[in-house]
Amino acid sequence: TLGYPDGEQIPRDLMIDMVGRIAAAVDIPVSADLESGYGDAGETVRRAIGVGIVGANLEDRMQPLADSVAAVAAAVKAGEAE
């Protein structure tokens, strides 16, 4: 989208704005590719929920298992809080 390559090259604010526009334009649930969470998976998920996203995927990018588990835990915590 907008000419950015994959891999968190699109700025997070712009990506959140774009997925929010998609969610607002349709009457069905929207899931978003949130890359690997932009260094803060919980905040990225929280912001995505705030613009109407109901599901997401996070890439682990072959990080150490503990880092991937922490990112998923932060995403779940954000979802529960929202």
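Which residue forms a salt bridge with D13, and how far apart are the closest N and O atoms? This note on the predicted model starts there, then turns to the other ion pairs, a nonpolar patch and a pocket.

1. **The R47 pair.** The partner of D13 is R47, and the closest N and O atoms of the salt bridge are 2.5 Å apart. This contact links distant parts of the chain. R47 sits in helix α2 and D13 in helix α1, with their positions 34 residues apart in sequence. R47 has a relative accessibility of 22%, so it counts as partly exposed. The cut-off matters here: buried means under 20%.

2. **Overall count.** The search of the whole structure gives five salt bridges. The R47 pair is one of them. Others follow in points 3 to 5.

3. **A pair within α1.** R21 and D17 meet through their side chains in a salt bridge, at 2.9 Å from N to O. Both residues belong to helix α1. They are four residues apart, which is about one turn of the helix. R21 is exposed, at 53% relative accessible area. D17 has 33% relative accessibility and so counts as partly exposed. The bound for exposed is over 50%.

4. **A pair within α2.** E43 forms a salt bridge with R46. The closest N and O atoms are 2.6 Å apart. Both residues are in helix α2, and because they are three residues apart, about one helical turn separates them. Each is partly exposed: E43 has a relative accessible area of 26%, and R46 has 35%.

5. **A network.** E35, E59 and R61 are joined into one network by salt bridges that share partners.

6. **E43 and A75.** E43, in helix α2, also has a through-space relation to check. Its C-alpha is 7.8 Å from that of A75, although the two residues are 32 apart in sequence. A75 is also among the residues that line the second largest pocket.

7. **Nonpolar surface patch.** I22, V26 and I28 make a nonpolar surface patch of about 270 Å². V26 lies in the loop between α1 (12–25) and β1 (31–33). Why can V26 belong to a patch? Patch residues need over 30% relative accessible area and no salt bridge. V26 is partly exposed, with a relative accessible area of 34%, so it passes the area cut-off.

8. **Second largest pocket: volume and lining.** How much space lies in the second largest pocket? The value is about 170 Å³. Its lining is made of L34, V45, A48, I49, I53, V54, G55, A56, L58 and A75.

9. **Second largest pocket: class and source.** By class, the lining has nine nonpolar residues, one polar and no charged. The polar residue is G55, because Gly counts as polar in this scheme. Which elements each supply at least two lining residues? They are α2 (41–50) and β2 (55–57). Helix α2 gives the most, with three residues.

10. **Where the points meet.** Helix α2 recurs through this note. It holds R47, the partner of D13 in helix α1. It holds the pair E43 and R46. It also gives the most residues to the lining of the second largest pocket. A reader checking the model could follow these items together along α2 (41–50).

Definitions and conventions
Residues numbered from 1 in each chain as written. Predicted model: local features only at pLDDT ≥ 70, side-chain atom pairs only at ≥ 80, totals over all residues. Heavy atoms only, no water. 1 Å grid on protein atoms, 1.4 Å probe; cavity = no way out; pocket = protein on both sides within 12 Å on 5 of 7 lines; lining within 4 Å. Points joined across faces, edges and corners; volume = space filled by probe spheres on them. Patch = residues over 30% accessible without salt bridge, like charges linked within 9 Å, V, L, I, M, F, W, Y side chains within 5 Å. Areas by Shrake-Rupley, 256 points an atom, 1.4 Å probe, with all protein chains shown as cover. Salt bridge = Lys/Arg side-chain N within 4 Å of Asp/Glu carboxyl O. Buried < 20%, exposed > 50% of the residue type's maximum accessible area, 1.4 Å probe, protein only.
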